[in-house]
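Please open the model in a viewer and keep the sequence panel visible. The tour below proceeds by selection, with a short account of what is found at each stop.

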Amino acid sequence: MNIGTTIRGFRQQKGMSQGDIEKRTGLLRCYLSRVENGHTVPSLDTLKKIAGALDLQLAEFFAEDTAPKEVFGLNLNADEIRFLTQVQRYSANLSESDRRLLLAMVRKFASTTMS
């Protein structure tokens, strides 16, 4: 188990950046990057801070199956969850018209792949 990969997964699921975690914990973004990439192993106190910033219980970092497989009735794999999380994160910075365009493209894609 790589705790850094687990932390990154939860952070991305919640659509948060390393900067968001930095603001909530006071831990430097470069430190969080080192943790997520497996170069540094955080202390238990640091893990508690990160869990708190992610609105998680510390034990959730060590659960067997941490990634949700079903979202809105769809059975998704890890790559699809990661992609949708990134879309959610970046769409927050789009203008309303660009967001509508993105949504139309997603609907078109979903209708062609699900039929």
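**The crossing of H2 and H3**

Begin by selecting H2 and H3, whose axes come within 9 Å and cross at roughly 120°. Axes here are lines fitted to C-alpha atoms, for helices over the stretch in contact, and angles run from 0 to 180 degrees between N-to-C directions. H2 and H3 are therefore oblique to each other; angles under 35 degrees count as roughly parallel, over 145 as roughly antiparallel, 65 to 115 as roughly perpendicular and the rest as oblique. The crossing of H2 past H3 is right-handed, a term used when the near helix is turned clockwise from the far one by less than a right angle, anticlockwise being left-handed.

This is a predicted model, in which local features need pLDDT of at least 70 and side-chain atom pairs count only at pLDDT 80 or more, while totals for chains, interfaces and linings use all residues. Residues are numbered from 1 along each chain as its sequence is written, and side-chain values use heavy atoms, with hydrogens and water left out.

Next, display the side chains between these helices. Gln-18, Gly-19, Ile-21 and Glu-22 of H2 meet Arg-29, Leu-32, Ser-33 and Glu-36 of H3, where contact means heavy atoms within 4.5 Å. Sorted by class, the contact of H2 with H3 has 2 nonpolar, 3 polar and 3 charged residues. In this scheme Ala, Val, Leu, Ile, Met, Phe, Trp, Tyr, Cys and Pro count as nonpolar, Asp, Glu, Lys and Arg as charged, and the others, Gly among them, as polar.

**The whole chain**

Now return to the full protein chain, which has 6 helices and 2 strands. Helices (H or I, at least four residues) and strands (E, at least two) are DSSP runs, numbered from the N terminus. In order from the N terminus, the elements run α-α-α-α-β-β-α-α. Of the 115 residues in the protein chain, 27% are buried; buried means under 20% relative accessible area, exposed over 50%, and partly exposed in between (1.4 Å probe, protein chains only). Among contacts with a separation of 6 or more, 56% are accounted for by residues 24 or more positions apart.

**Helix H4 and its two faces**

Select residues 44-53, which form helix H4. Which residues of H4 are buried? They are Thr-46, Leu-47, Ile-50, Ala-51 and Ala-53. Viewed down the axis of H4, these buried residues fall within an arc of 160°, so they line one face of the helix. The arc is that of the directions from the helix axis to the C-beta atoms. Rotate the view to the face turned away from the buried side, and the exposed residues Leu-44 and Asp-45 appear there.

To see what covers the buried residues of H4, add helix H1 (3-13), helix H2 (18-25) and helix H3 (29-36), which are included in that cover.

Keep H2 and H4 in view: their axes come within 9 Å and cross at roughly 110°. That angle makes H2 roughly perpendicular to H4. The contact joins Ile-21, Arg-24 and Thr-25 of H2 with Lys-49, Ile-50 and Ala-53 of H4. Its residues divide into 3 nonpolar, 1 polar and 2 charged.

**Just past H4**

Select Leu-54, in the loop between H4 and strand S1 (70-71). Leu-54 counts as buried, at 0% relative accessibility. Leaving aside residues up to four places away in sequence, Leu-54 touches Ile-7, Phe-10, Arg-11, Lys-14, Met-16, Ile-21 and Phe-61. Leu-54 and Phe-10 are 44 residues apart in sequence, and their C-alpha atoms are 7.4 Å apart in space.

Move on to Asp-55, in the loop between H4 and S1. Is Asp-55 buried or exposed? Asp-55 is exposed, with a relative accessible area of 60%. Its phi is positive, near 55°, in a residue other than glycine. Most residues other than glycine have a negative phi.

**Helix H1 and two distant pairs**

Select H1, in which Ile-3, Gly-4, Thr-6, Ile-7, Phe-10, Arg-11 and Gln-12 are buried. After H1 comes Gly-15, with a positive phi near 70°.

In the segment before H1, select Asn-2, which is partly exposed with a relative accessible area of 36%. The C-alpha atoms of Asn-2 and Phe-62, 60 residues apart along the chain, are separated by 9.8 Å.

Finish at Ala-78 in helix H5 (residues 78-91). Ala-78 counts as partly exposed, at 44% relative accessibility. Between Ala-78 and Gly-9, which are 69 residues apart in sequence, the C-alpha to C-alpha distance is 9.2 Å.
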